[in-house]
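Let's take a walk through this fold together. Have the model open in your viewer as you read.

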Amino acid sequence: MGGNMNSLRIGLAGLGTVGGGLASILQKNGNWVENRLGRPVSIKTVLVRDPSKKRNLAQDSGIRITTDPSDIVDDPDIDIVVELMGGIDAPKNLIARALNAGKHVVTANKALLAEQGEELFQLASEKGLGLYFEASVAGGVPIVQTIKESLACNRIPRLLGILNGTANFVLSQMTTQSVEFGEALAEAQRLGYAEADPSLDIDGGDAAHKLCLLIRLAYGVHFPYEKLHVQGIRAVTRQDIAVAREFGYRIKLIAQVNEVDGRLEAGVLPALVHHTYLLARVGGNYNAVRVEGDCVGSVMLHGQGAGALPTASAVLADIMALARANRAPDNTGFADWRLPEASVINHEDARAEHYFRFTVDDRPGVMAAIAQAMADNNISIAQAVQKGEAMERCVPIVFLTHESSISDVDRAVRAIDAMEFIQEPTVAFRIL
């Protein structure tokens with residue numbers, strides 16, 4: 001690294017929630033970090049969009065505020081560039097400039113790395129530099145280094161997790177307070193857990209970005225973001241949650257990847273998780289990841305997936321890992337950054353047990369007709385119940401099924417939804 005070896009100097013792009021958290025940790029735990037590394041870590045320059053905005057920095061910090069990226073990427077005294085700007089184009093340009101200038105980079109930008117990371121990983125490899133991203137997946141939960149290092153000797157047949165705190169908070173509220181989706185989302189927004197436009201969180205996009213990065217680490221392949229099957233939680237109702245509980249399940253937004261005969265089936269979707277799983281008990285805005293290793297068995301990490309200090313803690317962990325490195329950094333856990341594209345199982349070919357909810361006219365023969373349609377599409381029923389809150393002349397019917405393919409499920413749903421006694425579109429969720 002360049003700069004004064006007695007001090008590790010940071011160029012920080014972005015002083016929002018996480019950037020402010022990083023400055024706070026260095027102020028609070030600077031001596032502890034120095035004891036760990038044998039050298040102090042300090043922020044030299046901060047790149048911001050609006051220099052007139054009030055900053056929560058100590059008056060005597062000596063940190064320079066700038067609006068010019070050159071003050072970070074071209075300064076020979078700066079050893080590591082930390083990108084916490086958000087967005088795609090500007091961060092991508094800044095990271096590329098930093099790598100070309102010979103500087104290691106730490107980022108929390110999961111959207112950029114999931115959608116356009118190949119180009120940046122290639123550049124980092126060519127330059128022999130670090131492009132570290134622990135903070136981009138599950139905030140303060142140390143899943144990236146765990147897979148890269150602690151579980152490196154394991155083949156991982158399955159990985160699944162709760163990777164979005166907003167969606168998990170909404171589902172937790174619906175479960176514990178017995179409220180509908182809209183009311184739970186409004187509460188999340190009131191508490192600051194959800195954005196004014198929460199689409200990226202509740203429709204599964206944020207979790208899908210994180211899942212792409214976990215697949216890269218766990219399987220050594222590039223799984224294109226656009227090939228992930230992504231389904232959010234808008235269709236989940238209070239009734240679904242209540243019926244699932246009767247059967248011993250909790251509904252969670254799950255990001256998962258399964259390896260089947262060397263091919264991967266992956267996606268983000270609402271799923272029923274049996275209450276004996278630790279994942280079923282992850283509440284509020286927390287994240288958790290469950291990794292199944294062929295040697296170690298099941299490992300689960302649980303913690304805060306967002307927030308100033310938890311995410312900044314992960315950023316600083318990457319900074320410290322790079323500071324310790326006296327060899328060529330390894331950005332993906334594999335010797336060659338050029339990862340082959342994943343061999344993908346089409347979503348419709350995946351197999352799973354399912355929960356179905358039908359809203360039907362209250363009249364004889366309905367359950368028999370539905371059961372016949374499911375049998376015609378190779379779906380075997382494990383349990384059935386006709387109960388719940390009747391709505392005028394409508395009643396809900398819930399089926400739990402044995403394992404069947406997604407294509408058979410979709411075909412059955414289309415056939416059943418075309419029947420005259422169906423009052424609302426059928427809801428189908430996977431059971432884990």
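The notes below cover the sheet, a helix that lies across it, and a pair of helices.

## The sheet

Bear in mind that this is a predicted model. Its strands form an open sheet of six, and the order to trace is S3-S2-S1-S4-S5-S6, with parallel pairing. At the edges you will find strand S3 (64-66) and strand S6 (131-132), each of which pairs on one side only.

For a look at one edge, go to strand S2, residues 41-47: three bridges join S2 to S3, and the two run parallel. Here Val-46 of the model stands opposite Ile-65 in S3.

## A helix across the strands

Next, find helix H11, residues 308-324. Helix H11 lies across strand S1 (8-13), S2, strand S4 (80-83), strand S5 (104-107) and S6. Relative to S5, H11 runs at about 160°.

## Two helices side by side

Now turn to helix H5 (residues 143-150) and helix H9 (residues 205-219), whose axes come within 9 Å and cross at roughly 15°. Angles under 35 degrees count as roughly parallel, and H5 and H9 are therefore roughly parallel to each other. The crossing in which H5 passes H9 is left-handed.

Which residues make the contact? From H5 come Ile-143, Val-144, Ile-147 and Lys-148, while H9 supplies Leu-214, Leu-217 and Ala-218. By class, the residues in this contact of H5 with H9 split into six nonpolar and one charged, with no polar residue.

Note on methods. Residues numbered from 1 in each chain as written. Predicted model: local features only at pLDDT ≥ 70, side-chain atom pairs only at ≥ 80, totals over all residues. Heavy atoms only, no water. Pairing = 2+ DSSP bridges. Helix = DSSP H or I, 4+ residues; strand = E, 2+ residues; numbered from the N terminus. Contact = heavy atoms within 4.5 Å. Axes fitted to C-alpha atoms, helices over the stretch in contact; angles between N-to-C directions. Parallel < 35°, antiparallel > 145°, perpendicular 65-115°, else oblique. Left-handed = near helix turned anticlockwise from the far one by under 90°. Nonpolar A, V, L, I, M, F, W, Y, C, P; charged D, E, K, R; others polar.
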